Each structure stands twice: as C-alpha cells, then as structure tokens.
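This report introduces one protein structure to a reader who has not met it before. Please view the sequence and the structure together before reading on.

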Amino acid sequence: RAEALCLIHEAQDAERCVCQDAQTGRTITLPDPLPARRSQLYPGGDEGDPSLPRGDKRRAGIAPRFMQAYVFGGEGRKLQTPTTSFPFRGVVKLVIKFPNTPNGMAHGCTGSLIGGKHVLTAGHCVFKSSEGGWATSIRAIPGLDGTIPPFDVDEVAPFGDAFMVAKRSVKGWTDDGDAPDYDYGVITLNKTFNLGSFGLLIPSDSLLDNTKSCLIGYPGDLGNKKGNRQYFVPGCESIWAYGSKHVEYKMDTSKGNSGSPIYRFWNGKRAIFAVNCCEVSPFVGSDYNAGPRITKVRHDLIRGWQCQDGVQSA
C-alpha cells in the first residue's frame, strides 16, 4: 500500500508544471492548477467537454525505446500549399535558439495553436539539456509556406510571426531529458492570432483501438528550403500501439516534425490527443513514430497554464 502511494505521488510530481521566470531566468515549479469555472478553463467549442473519453491503461507487451524520427519505406507525405485554410494555418513553424546554439544558427520544430496565443509543442523544443537548458528565443510562424523572410512577402508568411514570452514543460521532461513520455510543452506568444485553434482530446484505449490519427508539420528533410514547407499525411493512419502515456503510429516524420499535432475529428473539431516527439522501437526490427499522449492530468495542466496567462481562444 505504501509503495503504491509512493508511485502515484512520483507520477503526479513528474507531471507538475515547470517554467522559466522571464525576468530572473530562474526555473520555478508551479503548483497544480486550482479549480476554476468551466468558462475560464474551457472557452468555446468542444475543448474540455466532460464527455470526452478518458482512459489510462497500458497495453501489454509495449516497452518503448525512444530514438529519433523515422520515415518508412514509401513516401506518404504531401506538400500543402497554400496554408491559409484551417487546420493548416493553425500549424506553426518554430525557429528556436538555446543557450548553446551557435550564432547564425537555429533549431526547427512544429507547434499547434491551442488558443490565440498558446502553442502546444514537444518538450525538447522549449527545453533541451544538451543545448544548455531553456530556449532563449522562439519565433512562431503560423502557416509558413516557404523561405523564412523578413515578412515583406505575404504569400510566404501570410499571418506574420510572433515571439515567445513564456515557455513551460513538466519536471518529467526537464529533470530527465531521456523520458519521452513527458516530452511536451507550451509556448506563450507576445501577440494573439485569430486563426482558429485545435481542441484537446483525452482518448480512451477503445478510442485508440478504433481511430485514425492525422499529422501536419514542417519536416526537415523535405521542401526546396528544407523544414520551411508544410506536409501532411493524406487519409491519416491508424494507431499502431499505445501505452498509458504515449501513442505509436506509422506516419512518416523527420527532424522538424517535433511538436506536430497528432489529432482526429471530435464533435466537429480537430482535437489533439498526442504530440509527435520521436521514433520508438519496442521490438527488434520494428520501427514506429511516437509521442506523449494527452491524459486527464496533462489536459488539466495545459489548460491551467493557459488560464494563468489569461486564455485567448481563437
């Protein structure tokens, strides 16, 4: 009994949100979000609908080993242009600098608008131990469709850009960068976009057994200027396997797709139920891509972060 309580406590603590104070640069751990009125936490649409399925069971036989992203035998990704319709305009190119990033260089990731000024992405897009820790600069470009310009060409970056004013992840990632089950984070922007936003879905195991997952992002191996064109997987793909904190799928991804939304339709809205982070090989000779799964705890943490900033729903 005591051991079980200890494990539960450790799991909850690993999900406890962390962020970096913008003025002092000090890493702070935030308490669990306080209960709030539904109108504060879940503005509009079907986001936060209490009828969303909830499940947190582990399928037997899955012991993931995480590596980098993977492209399968046949090329299944298609270029999306223009990117001015939803959901493509709600998918964001991220240009990131860390303390150890050389001058003139930057890292690329993908994110999704989950509100007018909040972007959901992978944890290693906001905090990377090997690069010195927390990102020092993140530029967010919704619907980027070509070379990153100084924004005098509307056809390339039709909605302009914004910059990070806050970034958050969880201790399960910042304290252990080899724990991809916790590889997710949220970026707060310095301006609000009115482009539409993705919902969040807490999937049950039965839903994952019978769902198609969709993916959009900025893969670093495709495009005339690699990493700056948007690609998606037509027709989406079935979930291959899952655990209590991650899902696995055979959709092509590569570096640059980190943070891409894994989503499906729910009550007429595109709802994210996992965040693409990496490749997983649970069995010898088997390769899948994977990402942390949205659970009840994670859903409430993410919405709590938005609530702390003052939620702006697009």
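Leaving aside its neighbours within four places in sequence, L120 touches ten residues by name: G111, S112, I114, G185, V186, L200, G259, I272, V275 and I302. The model is a predicted one, and this list of contacts offers a way into its interior.

**The nonpolar cores**

L120 is among the residues with the most contacts inside the largest nonpolar core, which has 55 residues; the others named there are L94, I96, I138, I187, I302 and W305. Strand β5 gives the largest share of this core, 5 residues. Another core, of 15 residues, lies apart from it and includes L201, L208, A271 and A274. In soluble globular proteins, nonpolar side chains tend to be buried together.

**S112 and its surroundings**

One of the contacts of L120 is S112, a residue of strand β6, which covers residues 107-115. S112 counts as buried because its relative accessibility is 1%, under the 20% limit. Beyond its neighbours within four places in sequence, S112 is in contact with G90, H118, V119, L120, F198, G259, P261 and I272. F198, one of these contacts, leads to the aromatic residues.

**An aromatic cluster**

The chain holds 4 aromatic pairs. Two of them are set out below.

| Pair | Centre to centre | Angle between planes | Arrangement |
|---|---|---|---|
| F86 and F198 | 5.4 Å | 45 degrees | tilted |
| F198 and Y263 | 5.3 Å | 65 degrees | edge-to-face |

The pair of F86 and F198 links distant parts of the chain, 112 residues apart: F86 is in the loop between β4 (78-79) and β5 (91-97), and F198 is in the loop between β12 (185-189) and β13 (199-200). Y263 lies in strand β18 (residues 261-266) and F198 in the loop between β12 and β13, so their pair ties together parts that are 65 residues apart in sequence. F86, F198 and Y263 form one aromatic cluster.

How buried or exposed is each member of the cluster? F198 is buried, with a relative accessible area of 0%. Y263 also counts as buried, at 7% relative accessibility. F86 has a relative accessibility of 22% and therefore counts as partly exposed, since buried means under 20%.

**Helix α5**

I302, a contact of L120, is also one of the buried residues of helix α5, together with R298, H299, L301, R303, G304, W305 and Q306. Helix α5 has 14 residues (residues 296-309) and should span 20 Å at 1.5 Å a residue; its end C-alpha atoms are 20 Å apart, so the two values agree. G310 follows α5 and has a positive phi, near 90 degrees.

**The chain as a whole**

The protein chain contains 5 helices and 21 strands. It has 314 residues, of which 54% count as buried. Among contacts between residues at least 6 apart in sequence, 72% join residues at least 24 apart. The chain exposes about 13,400 Å², and carbon and sulfur atoms supply 51% of that area.

Key. Residues numbered from 1 in each chain as written. Predicted model: local features only at pLDDT ≥ 70, side-chain atom pairs only at ≥ 80, totals over all residues. Heavy atoms only, no water. Helix = DSSP H or I, 4+ residues; strand = E, 2+ residues; numbered from the N terminus. Buried < 20%, exposed > 50% of the residue type's maximum accessible area, 1.4 Å probe, protein only. Contact = heavy atoms within 4.5 Å. Areas by Shrake-Rupley, 256 points an atom, 1.4 Å probe, with all protein chains shown as cover. Expected span 1.5 Å × (residues − 1). Phe/Tyr/Trp six-rings, centres within 6.5 Å; stacked < 30°, edge-to-face > 60°. Core = buried A, V, L, I, M, F, W, Y, C linked by side-chain atoms within 4.5 Å.
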